[in-house]
Amino acid sequence: MLPNNSEIAAAPVVLEPLRRKPFNRANFVVSVTLLAIAAITLYALFNLENKYIPFGEGLLLMLDNFRLMFLEPHFKHFTFGKAVYSALITLGLAVLTTILGAVIAFGVSLLAARNLSGNRMSGFVRAVVAVIRAVPTILWVLIFAVSSGLGSVAAVIGMTWHTISYLTKAYSEAFEEIDNGTLEALKASGASRIQIVFQAVFPSSLSYLISWTFLRLEMNFSNALAMGAAAGAGGLGYDLYMAGSLYYDIREIGALTFFILFFAIVLEIGSTRLKNRLRKGALNNGKQG
Amino acid sequence: MKLDQFFLRKRRRTFFIVLGVLMVAWAASALTEFNLAKGILSFPEAIQWAASNFYPDAKAMSKLPQIMSKLWETLIMSIAAAAVGAVGAVVFAVLGSNTTKVNGFFSTAARFIATLFRNVDVSAWAMVLLFSFGQSGLTGFLALLFASFGFLTRAFMETIDEVSGSSVEALKASGAGYLSIVCRAVLPSGTPQMISWLLYMVETNIRSATLVGILTGTGIGFSFDLYYKSLNYASASLVVLVIVMAVLVIELISNAIRRVIV
């Protein structure tokens, strides 16, 4: 005989244990993290210092400023040609610090990779690099500026210094992904350290190295802007600072912002293209060799 | 022989790549008027100067409570900016992602706005916002918020593309509505990855907050700038030390969280 409806309703026991999700450590940590961040955020928003202007009024002013910036940009103190030159300087700073940083970081990361140097050495280098990375780039630039003066030398050294620490972490992690068998086989067949590095380590991690280096190039472009604004390194950032803090010309800031946008987007597209081409080249090389 | 030719070609290619990189570096240093010799020489000078001047003394230590309160202000501002930015980024990422977009128009618009916010640097945002909100904490907060929003939208979009795909199609085929697909399948499976990005953003924001603080005159960046410009290097070095501690602690915490959830 088929059970009638009331009998089905009276036997819900089977589904009971599934109603509550079983305890899961990962889910628990996710909830706690989100709750903590939400609590801190609410606290921060209520305590946000805002002594000059009511929020609503400021917001309207901001929208109006955005309108002036993006819809009515003009050049008054700078010319178009000068802005292009400034943009090239910013780009030059980014490229130069990335190249210098990448070359030095390659050497340092050989010491920082556990499988290439050894536990103690790698631990030491990593700790030093982590501390260097924790100091914001702008502070490094300002610290170097005390002895060599504000300008491109301090900016290049400070930014390179931070780039080294960033790329060392990235590179050494890429090196640690390398198959240990390859390294041991090379060692056993009597290959020298230099041969191991250039015939095995470099080619097999090249694809990672390229991605990280180009990511850092994009970061260094925005760093170069910031260094121009805050440490007088020249380039678009410095122009922006002048337009904002000296001439109070929001329309000129708009024009410079368009330049920044243009160069940043071109850099992003260009580096994605170049990255893919180099990667393809690296992969083909790996297949042939 | 063929093998010889192969190695010759490989060597020639390496040579040209190295030559190209060197030329680019040379052009860049000419453009920026950077002198490599001067740069290398000034490095030991800087170390020497730092060793003799750049460490906190007893007088600087008395300013520690003041500095710590500025640090706290900066810390919670960085976290709040990342969190509020993440909320906006989730919406824009869902609208912009290829797998969960509502229609082509919204997707393109969302992507365009995210690109705009990401590619204008945080320092540029700070300069612009200074016009509207003056030298207050709100300026710094909004600058960090805009930068976080732009970056996180891109990161979340990639996460959503990665985790959805077949599950979205399966749910669509079984007749699930748009909202239930997004809220019940796409977002939950992407949560660990998105939290990981959020934590990364917090770390980045603390570093950028220093810069924004220098530009807008708020928080820990302003403290550093103040001591630095009044040549009080002992106190400035204390600020640097405090920032390093904060960044390292945040990094440790977020690495611990990542290890459990991802």
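The legends below describe close-up views of a predicted model.

**View 1. Surroundings of A:Thr163 in helix α9 of chain A.**
A:Thr163 belongs to helix α9, which covers residues 152–176 of chain A. With a relative accessible area of 0%, this threonine is buried, because buried means under 20%. Beyond neighbours within four places in sequence, A:Thr163 is in contact with A:Thr97, A:Thr98, A:Gly101, A:Arg216 and A:Asn220. One of these contacts, A:Arg216, also lies over the face of A:Tyr166, at 4.9 Å from the ring centre.

**View 2. Helix α7 of chain A and its packing partners.**
Helix α7 of chain A consists of 16 residues, 119–134. At 1.5 Å a residue the expected span is 22 Å, and the end C-alpha atoms are 22 Å apart, so the two values agree. The buried residues of α7(A) are A:Ser122, A:Val125, A:Val129, A:Ala130, A:Ile132, A:Arg133 and A:Ala134. Within chain A, the buried residues of α7 pack against α5 (80–112), α6 (114–117), α8 (137–148) and α9. They also pack against α9 (178–216) and α11 (233–261) of chain B.

**View 3. An aromatic pair within helix α10 of chain B.**
B:Phe224 and B:Tyr228 both lie in helix α10 (residues 219–229) of chain B, four residues apart, about one turn of the helix. An α-helix has 3.6 residues a turn, so residues three or four places apart point the same way. Over all chains, the count of aromatic pairs comes to 34. The rings of B:Phe224 and B:Tyr228 form a stacked pair, 5.5 Å centre to centre, with 20° between the planes. B:Phe224 is buried at a relative accessible area of 0%, and B:Tyr228 counts as buried at 12%.

**View 4. The aromatic pair B:Phe6 and B:Phe7.**
The ring centres of B:Phe6 and B:Phe7 are 5.4 Å apart. Their planes meet at 65°, so this pair is edge-to-face. B:Phe7 has 38% relative accessibility and therefore counts as partly exposed.

**View 5. An aromatic cluster with members from chains A and B.**
Chain A contributes A:Phe66, A:Phe70 and A:Phe258 to one aromatic cluster. From chain B, the cluster includes B:Phe92, B:Phe117, B:Trp125, B:Phe146 and B:Phe149.

**View 6. Two annotated spans of chain A.**
An unreviewed UniProt entry places the feature "transmembrane region" at several spans of chain A, among them residues 83–112 and 253–270. Residues 83–112 are 100% helix and 0% strand, with end C-alpha atoms 41 Å apart. Residues 253–270 are likewise 100% helix and 0% strand, and their end C-alpha atoms lie 25 Å apart.

Methods: Residues are numbered from 1 along each chain as its sequence is written. Chains are lettered from A and ligands numbered from 1 in the order in which they are written. This is a predicted model: local features need pLDDT of at least 70, side-chain atom pairs count only at pLDDT 80 or more; totals for chains, interfaces and linings use all residues. Side-chain values use heavy atoms; hydrogens and water are left out. Helices (H or I, at least four residues) and strands (E, at least two) are DSSP runs, numbered from the N terminus. Buried means under 20% relative accessible area, exposed over 50%, partly exposed in between (1.4 Å probe, protein chains only). Contact means heavy atoms within 4.5 Å. UniProt positions are given in the numbering used here, feature names are shortened, and annotations may be inferred rather than shown by experiment. Rings of Phe, Tyr and Trp (its six-membered ring) pair if their centres lie within 6.5 Å; planes under 30 degrees apart count as stacked, over 60 as edge-to-face and the rest as tilted. A charge sits over a ring if NZ of Lys or CZ of Arg is within 6 Å of the ring centre and within 35 degrees of the ring normal. The expected span of a helix is 1.5 Å times one less than its number of residues.
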